[in-house]
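This briefing introduces the pockets of one structure to a reader who has not met it before. Please look at the model below and then read the notes that follow.

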Amino acid sequence: MRDKNRRTYAAMITAVDDGVGRVLDTLEQLDIDDNTLVFFLSDNGGSRKNASKNAPLRGNKGEYFEGGIHVPFAVSWPGVIPSGVDYHHPVSSLDIMATLASLADAPISEERPLDGVNLIPYITGKYSGLPHEVLFWRGFDQGTLAMRQADLKVMHSRKALFEFQTAM
């Protein structure tokens, strides 16, 4: 690779991948992998600053297009989640807490319910359909609002509105 930023980014991803592999190997060596639920996810899409490539998705880190919010999200729980399952419906990082709370049978306040859902029945195929009817995002600093319902996505941005108004 000629691009130094791209090489650095690739090295960082490789280091993370190696580290996650060591964690999973250790769980297996300790013989606790079958009763350990592991989540791995990114916090956002790739940045413009480190030569990330989000193609074919549009947008980058900090943006509300899919390239900014569609991120790697992996779950491992041998014996419960079948190996090699690819789940293609949108989920949220908020689902992690809801999944763990449900599995632990933790009490949830009716006045302050969790925003996420237990993903395990969806990933294992017990439930069909979408875990979320609608997902919402709000970027306070950017003045951006976004909503996704099934394959429909709607966005509103002060910046986009401003650009549209000045282009008239």
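Which elements each supply at least two residues of the lining of the second largest pocket? They are helix 1 (4-29), strand 1 and strand 2.

The model is predicted, with local features needing pLDDT of at least 70 and side-chain atom pairs counting only at pLDDT 80 or more, while totals for chains, interfaces and linings use all residues. Residues are numbered from 1 along each chain as its sequence is written, and side-chain values use heavy atoms, without hydrogens and water.

**Largest pocket**
- The largest pocket (an open set of points on a 1 Å grid where a 1.4 Å probe fits, with protein on both sides within 12 Å along at least five of seven lines) holds about 1400 Å³ of space.
- Its lining comprises 45 residues, of which Ile69, Val71, Phe73, Val91 and Ser92 are the closest to the centre; a lining residue has an atom within 4 Å of a point.
- Two or more lining residues come from each of strand 1 (38-41), helix 2 (66-69), strand 2 (73-76) and strand 3 (135-139).
- Strand 2 gives the largest share of this lining, four residues.

**Second largest pocket**
- The volume of the second largest pocket, the space filled by probe spheres set on the points, is about 640 Å³.
- Among its 28 lining residues, Tyr9, Ile13, Phe40, Ser42 and Pro72 are the closest to the centre.
- Helix 1 contributes seven residues, the largest share of the lining of the second largest pocket.
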